[in-house]
Amino acid sequence: STETRRHGPRVFGPQEIAAAADVLRGGGLLAFPTETVYGLGADATDGRAVARIFAAKGRPAFNPLIVHVVDKAAAEAFAVFDAAADDLAMRFWPGPLTLVLPLRDDHELSPLVTAGLETVAVRVPASPLARDLLGRVGRPVAAPSANPSGRVSATRAIHVIEGLGDRIDGVLDGGACRVGLESTILRTAPLALLREGGLAAEEIEAALGHVLTRDVTPGKVQAPGQLSSHYAPGRPVRLSVTDRDPDAALLGFGLVAGDLTLSAQGDLVEAAANLFDHLHAIDRLAGAAGKTRIDVAPIPEKGLGRAINDRLRRAAAPRAPKG
Ligand code: TXA
Ligand code: MG
């Protein structure tokens, strides 16, 4: 037959987790939920599978991936933990913290995962579904956020399907992500915060008893994914807006009520959980209403507000032309 059919990814419910794990064990691409955002997973030891992640996202090969494991013992097979890393892992894993650690000489990860660096970013997610999946796969899983490179991250299965469609093999649908912001990234030697994220820097600072050094200059190679234009919706974004403009859809916060509001109570945890879903939704809403821009209310620069503002600044940054 000449009939053409679009194949979406296979959608697995939580009861089908064994079949979802088989996709990863067989060298396929599976999007799966963590408590932060959906990840686009592949077996980190399988170079062909990892190469498909870069192709599906349109991600530059110099931008390394986070490796997900079920527990610290599994990470010790490829990463070196010093006393500081042991302490941070003990306090914050499982959870929304990624540690950048030296690679072991005898690691079996595909070199594509680390983009040739001598360090590896490791994460033990807290989401029960993610942990069940990682336990069943029994191998480290490389997973960037499950969105096309430069676009808004996915916090629901439908975002993944809309963004990546038939470029991937499956999606494990675990509903909306609880935290809603990507993990906080810390390098341990020398200690520095590389990306603000779902674990507030203040919590890490309270545990360590000192202020963290930040190495989060956009575009600098410390965390190569920290390119300045990122998380971009389909139209221009303007920040810290308190007045309604007829040409713009307004994303509200606190007393500034918008077409959609991140948190009417001004709760930063709620705002973080809503951020990417509302960015996806307000873009659609603006399109339907013929608005040319997205305006966003001011968000306080404290706690999770730092990571929210980081993502919003990147969403508002001028874009590199798409090639
Ligand atoms: O919450 C998260 O972290 C999600 C979920 C799926 O785990 N993942 C995620 O991945 O946000 P991605 O690829 O969107 O961001 C990973 C970041 C990038 O900025 C990358 O450059 C950085 O981690 N990274 C990875 N390996 C690194 C390394 N060895 N040194 C410094 N930065 C690294
Ligand atoms: Mg990302």
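Mentor: Two residues are in contact if their C-beta atoms, placed from the backbone, lie within 7 Å. Keep in mind that this is a predicted model.

Trainee: Thanks! Which residues does Ser 153 touch, leaving out those up to four places away in sequence?

Mentor: Its partners are Val 37, Ser 145, Asn 147, Glu 182, Tyr 231 and Phe 276. Ser 153 sits in the loop between β7 (141–142) and α7 (157–164).

Trainee: Why is Ser 153 called buried?

Mentor: A residue needs 20 or more other C-beta atoms within 10 Å to be buried. Ser 153 has 27, so the label fits.

Trainee: And what makes Arg 59 partly exposed?

Mentor: Arg 59 has 19 C-beta neighbours inside 10 Å. Buried starts at 20 and exposed means 12 or fewer, so Arg 59 falls in between. Arg 59 lies in the loop between α2 (47–57) and β4 (66–68).

Trainee: How do you know that the "binding site" residues do not all gather at one spot?

Mentor: The unreviewed UniProt entry lists Arg 59, Asn 63, Thr 119, Ser 145, Ser 153, Arg 195 and Tyr 231 under that heading. The farthest two C-alpha atoms among them are 25.1 Å apart, so they do not all gather at one spot.

Trainee: Now the helices: why is α1 called oblique to α6?

Mentor: Helix α1 (residues 17–25) and helix α6 (residues 128–137) pack at about 55°, with axes 9 Å apart. Angles under 35 degrees would be roughly parallel and 65 to 115 roughly perpendicular; the angle here fits neither, nor is it over 145, so α1 is oblique to α6. By class, their contact has seven nonpolar, no polar and three charged residues.

Notes. Residues are numbered from 1 along each chain as its sequence is written. Chains are lettered from A and ligands numbered from 1 in the order in which they are written. This is a predicted model: local features need pLDDT of at least 70, side-chain atom pairs count only at pLDDT 80 or more; totals for chains, interfaces and linings use all residues. UniProt positions are given in the numbering used here, feature names are shortened, and annotations may be inferred rather than shown by experiment. Helices (H or I, at least four residues) and strands (E, at least two) are DSSP runs, numbered from the N terminus. Axes are lines fitted to C-alpha atoms, for helices over the stretch in contact, and angles run from 0 to 180 degrees between N-to-C directions. Ala, Val, Leu, Ile, Met, Phe, Trp, Tyr, Cys and Pro count as nonpolar, Asp, Glu, Lys and Arg as charged, and the others, Gly among them, as polar.
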